[in-house]
Amino acid sequence: MTVPMVLALAVAGTAAVPAMASAATGSAAVADCSNDWGSLSKSDRSYPSAQLANIRTGQNGCYDRLVFDIPGASEANRLGYHVNYVDVLRQDASGTPIPVKGGAILEVVVTAHTFDWTTGKYTYRASAGDALPGVDLTGYRTFVDARFAGSNEGYTQIGLGVRAKLPFRVFQLDNRLVVDVAHTWGTAG
(Lines give C-alpha, C1' and ligand atoms only; values in the text may rest on other atoms or scores of the structure.)
Protein backbone atom coordinates (compact mmCIF):
# COMPACT_ATOMS: atom_id res chain seq x y z
CA MET A 1 0.00 0.00 0.00
CA THR A 2 1.45 3.39 -0.92
CA VAL A 3 1.62 6.38 1.42
CA PRO A 4 -1.06 8.34 -0.50
CA MET A 5 -3.38 5.32 -0.06
CA VAL A 6 -2.60 5.21 3.69
CA LEU A 7 -3.39 8.91 4.03
CA ALA A 8 -6.56 8.50 1.96
CA LEU A 9 -7.71 5.71 4.27
CA ALA A 10 -7.00 7.92 7.28
CA VAL A 11 -9.19 10.68 5.90
CA ALA A 12 -11.86 8.14 4.96
CA GLY A 13 -12.33 7.48 8.65
CA THR A 14 -10.20 4.65 9.92
CA ALA A 15 -9.25 5.32 13.52
CA ALA A 16 -5.84 3.71 13.50
CA VAL A 17 -3.62 3.84 10.45
CA PRO A 18 -0.17 2.28 10.19
CA ALA A 19 2.55 4.78 11.03
CA MET A 20 4.66 3.75 8.03
CA ALA A 21 3.94 1.96 4.80
CA SER A 22 6.38 0.00 2.70
CA ALA A 23 6.92 0.89 -0.92
CA ALA A 24 6.69 -1.86 -3.54
CA THR A 25 10.48 -2.09 -3.52
CA GLY A 26 10.47 -2.98 0.18
CA SER A 27 12.14 0.22 1.36
CA ALA A 28 10.37 2.40 3.90
CA ALA A 29 8.22 5.11 2.36
CA VAL A 30 8.41 8.62 3.78
CA ALA A 31 5.07 10.24 4.52
CA ASP A 32 4.42 13.77 3.25
CA CYS A 33 3.27 15.41 6.46
CA SER A 34 2.74 18.87 5.02
CA ASN A 35 -0.44 20.59 6.16
CA ASP A 36 -2.05 23.99 6.28
CA TRP A 37 -4.30 23.29 9.27
CA GLY A 38 -3.10 26.03 11.62
CA SER A 39 -3.72 26.27 15.35
CA LEU A 40 -6.58 28.80 15.47
CA SER A 41 -10.05 27.94 16.80
CA LYS A 42 -12.29 25.82 14.59
CA SER A 43 -16.09 25.79 14.99
CA ASP A 44 -19.37 24.67 13.49
CA ARG A 45 -22.47 26.17 15.09
CA SER A 46 -24.84 23.33 14.12
CA TYR A 47 -26.93 21.97 16.97
CA PRO A 48 -28.52 18.57 16.40
CA SER A 49 -29.88 16.28 19.07
CA ALA A 50 -27.21 13.59 19.32
CA GLN A 51 -25.85 11.17 21.90
CA LEU A 52 -22.19 10.42 22.42
CA ALA A 53 -21.47 6.68 22.31
CA ASN A 54 -17.66 6.61 22.67
CA ILE A 55 -14.41 8.56 22.43
CA ARG A 56 -11.36 6.80 21.01
CA THR A 57 -7.93 7.63 19.60
CA GLY A 58 -5.61 6.45 16.85
CA GLN A 59 -2.17 7.12 15.41
CA ASN A 60 -0.87 8.01 11.96
CA GLY A 61 2.60 8.76 10.62
CA CYS A 62 1.75 12.48 10.50
CA TYR A 63 -0.78 13.04 13.30
CA ASP A 64 -2.61 11.62 16.30
CA ARG A 65 -6.40 11.27 16.00
CA LEU A 66 -9.29 11.76 18.44
CA VAL A 67 -12.69 10.35 17.36
CA PHE A 68 -16.10 11.04 18.90
CA ASP A 69 -18.50 8.22 17.95
CA ILE A 70 -21.96 9.78 17.64
CA PRO A 71 -24.58 7.58 15.94
CA GLY A 72 -26.86 9.49 13.61
CA ALA A 73 -24.42 12.29 12.88
CA SER A 74 -24.06 12.88 9.14
CA GLU A 75 -23.68 15.60 6.54
CA ALA A 76 -27.46 16.12 6.79
CA ASN A 77 -27.40 16.05 10.63
CA ARG A 78 -24.21 18.02 11.28
CA LEU A 79 -22.62 18.18 14.70
CA GLY A 80 -21.73 21.44 16.33
CA TYR A 81 -18.28 21.80 17.83
CA HIS A 82 -15.73 24.30 19.08
CA VAL A 83 -12.05 23.31 19.29
CA ASN A 84 -9.34 25.68 20.51
CA TYR A 85 -6.19 25.94 22.60
CA VAL A 86 -6.70 27.17 26.17
CA ASP A 87 -4.31 28.02 28.99
CA VAL A 88 -6.45 26.16 31.56
CA LEU A 89 -9.29 23.68 31.00
CA ARG A 90 -12.27 24.95 32.98
CA GLN A 91 -15.39 22.87 33.41
CA ASP A 92 -18.16 24.64 31.49
CA ALA A 93 -20.89 24.82 34.14
CA SER A 94 -18.80 25.44 37.28
CA GLY A 95 -15.58 27.04 36.03
CA THR A 96 -13.62 24.48 38.04
CA PRO A 97 -10.10 24.03 36.62
CA ILE A 98 -9.30 20.51 35.45
CA PRO A 99 -5.58 19.62 35.32
CA VAL A 100 -4.44 18.33 31.91
CA LYS A 101 -0.85 17.17 31.31
CA GLY A 102 1.12 18.33 28.27
CA GLY A 103 2.78 21.37 26.77
CA ALA A 104 -0.57 22.71 25.50
CA ILE A 105 -4.27 22.00 26.09
CA LEU A 106 -6.77 21.61 23.28
CA GLU A 107 -10.34 22.09 24.53
CA VAL A 108 -12.91 20.16 22.49
CA VAL A 109 -16.63 20.86 22.91
CA VAL A 110 -19.13 18.88 20.82
CA THR A 111 -22.94 19.11 20.65
CA ALA A 112 -23.61 15.62 21.90
CA HIS A 113 -24.77 14.59 25.34
CA THR A 114 -23.88 11.53 27.38
CA PHE A 115 -27.29 10.70 28.83
CA ASP A 116 -30.40 9.34 27.09
CA TRP A 117 -33.43 10.92 28.76
CA THR A 118 -35.82 8.48 27.07
CA THR A 119 -34.13 5.40 28.61
CA GLY A 120 -32.69 7.04 31.71
CA LYS A 121 -29.24 5.58 30.96
CA TYR A 122 -25.81 6.96 30.18
CA THR A 123 -24.62 6.52 26.60
CA TYR A 124 -21.04 7.43 27.61
CA ARG A 125 -20.05 7.13 31.24
CA ALA A 126 -17.20 9.32 32.47
CA SER A 127 -16.47 11.52 35.47
CA ALA A 128 -15.28 15.13 35.37
CA GLY A 129 -11.53 15.36 35.78
CA ASP A 130 -10.88 11.69 35.02
CA ALA A 131 -8.98 10.27 32.06
CA LEU A 132 -11.21 9.26 29.15
CA PRO A 133 -12.42 5.68 29.69
CA GLY A 134 -10.61 3.12 27.53
CA VAL A 135 -8.12 5.64 26.10
CA ASP A 136 -4.44 4.66 26.48
CA LEU A 137 -2.04 7.24 25.04
CA THR A 138 1.14 5.24 25.68
CA GLY A 139 3.43 5.57 22.66
CA TYR A 140 1.61 8.49 21.04
CA ARG A 141 3.84 11.18 19.51
CA THR A 142 1.53 14.16 20.07
CA PHE A 143 -1.19 13.21 22.56
CA VAL A 144 -0.13 13.26 26.22
CA ASP A 145 -3.39 13.29 28.22
CA ALA A 146 -7.16 13.22 27.61
CA ARG A 147 -9.57 14.35 30.36
CA PHE A 148 -13.34 14.41 30.55
CA ALA A 149 -14.58 17.83 31.68
CA GLY A 150 -18.32 17.19 31.65
CA SER A 151 -21.56 17.00 29.74
CA ASN A 152 -24.09 19.75 30.29
CA GLU A 153 -27.14 21.02 28.39
CA GLY A 154 -26.38 19.08 25.22
CA TYR A 155 -22.63 19.77 25.14
CA THR A 156 -19.76 17.44 26.03
CA GLN A 157 -16.37 18.96 26.88
CA ILE A 158 -12.96 17.31 27.04
CA GLY A 159 -9.38 18.49 27.43
CA LEU A 160 -6.71 17.01 25.19
CA GLY A 161 -3.16 17.45 26.46
CA VAL A 162 -0.69 17.66 23.57
CA ARG A 163 3.09 17.83 23.46
CA ALA A 164 3.07 21.44 22.18
CA LYS A 165 0.75 23.89 20.45
CA LEU A 166 0.55 22.17 17.07
CA PRO A 167 -1.71 22.50 14.02
CA PHE A 168 -5.00 20.60 14.05
CA ARG A 169 -8.02 19.97 11.87
CA VAL A 170 -11.62 19.00 12.64
CA PHE A 171 -14.01 17.24 10.28
CA GLN A 172 -17.16 15.16 10.34
CA LEU A 173 -17.84 11.76 8.84
CA ASP A 174 -20.99 9.69 9.19
CA ASN A 175 -21.49 8.81 12.86
CA ARG A 176 -18.36 10.59 14.10
CA LEU A 177 -16.44 13.81 14.60
CA VAL A 178 -12.68 13.66 14.06
CA VAL A 179 -9.90 15.86 15.49
CA ASP A 180 -6.38 15.33 14.09
CA VAL A 181 -3.36 17.01 15.71
CA ALA A 182 -0.17 17.07 13.62
CA HIS A 183 3.12 15.76 15.00
CA THR A 184 4.96 18.82 13.63
CA TRP A 185 4.35 22.13 11.92
CA GLY A 186 4.21 21.18 8.24
CA THR A 187 4.50 23.34 5.18
CA ALA A 188 1.55 23.28 2.81
CA GLY A 189 2.38 21.73 -0.49
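# Exercises on aromatic pairs and strand β12

A search of the whole structure, which is a predicted model, finds seven aromatic pairs.

**Exercise 1.** Determine how the rings of Tyr85 and Phe168 are arranged, and where in the chain the two residues lie.

*Solution.* The ring centres of Tyr85 and Phe168 are 5.7 Å apart and their planes stand at 75°. Since pairs count as edge-to-face when their planes are over 60 degrees apart, the angle of 75° makes this pair edge-to-face. The next step is to place the residues: Tyr85 belongs to strand β4 (residues 81–86) and Phe168 to strand β12, so that the pair links distant parts of the chain, 83 residues apart. Finally, Tyr85 and Phe168 are both buried.

**Exercise 2.** Classify the pair formed by Tyr124 and Phe148, and state which parts of the chain the pair ties together.

*Solution.* The centres of the rings of Tyr124 and Phe148 lie 6.1 Å apart, and because their planes are at 45°, the pair is tilted. Tyr124 is found in the loop between β9 (121–122) and β10 (143–152), whereas Phe148 is in strand β10 itself, and the pair therefore ties together parts 24 residues apart in sequence. Both Tyr124 and Phe148 are buried.

**Exercise 3.** Describe which way the side chains of strand β12 point, and whether they are buried or exposed.

*Solution.* Begin with the general pattern: in a regular strand, side chains alternate between the two faces of the sheet. In β12, Phe168, Val170 and Gln172 point one way, while Arg169, Phe171 and Leu173 point the other way. All of these residues are buried, and the strand, residues 168–173, is accordingly described as mostly covered, with six of its six residues buried.

**Exercise 4.** Identify the strand to which β12 is joined, and characterise the turn between the two.

*Solution.* Six bridges join β12 to strand β13 (residues 176–182), and the two strands run antiparallel. At one of these positions, Leu173 has Arg176 of β13 as its bridge partner. The two strands form a hairpin with two residues between them, and within the turn Asn175 has a positive phi of about 70°.

**Exercise 5.** Find which charged ends sit over the rings of Phe168 and Tyr63.

*Solution.* Over the ring of Phe168 sits the charged end of Lys42, 3.9 Å from the ring centre; Phe168 is also the residue whose ring pairs with that of Tyr85. For Tyr63, the charged end is that of Arg169, which sits over the ring at 5.2 Å from its centre. Arg169 is itself one of the buried residues of β12.

Definitions and conventions
Residues are numbered from 1 along each chain as its sequence is written. This is a predicted model: local features need pLDDT of at least 70, side-chain atom pairs count only at pLDDT 80 or more; totals for chains, interfaces and linings use all residues. Side-chain values use heavy atoms; hydrogens and water are left out. Buried means under 20% relative accessible area, exposed over 50%, partly exposed in between (1.4 Å probe, protein chains only). Helices (H or I, at least four residues) and strands (E, at least two) are DSSP runs, numbered from the N terminus. Two strands pair if DSSP finds at least two bridges between them. Rings of Phe, Tyr and Trp (its six-membered ring) pair if their centres lie within 6.5 Å; planes under 30 degrees apart count as stacked, over 60 as edge-to-face and the rest as tilted. A charge sits over a ring if NZ of Lys or CZ of Arg is within 6 Å of the ring centre and within 35 degrees of the ring normal.
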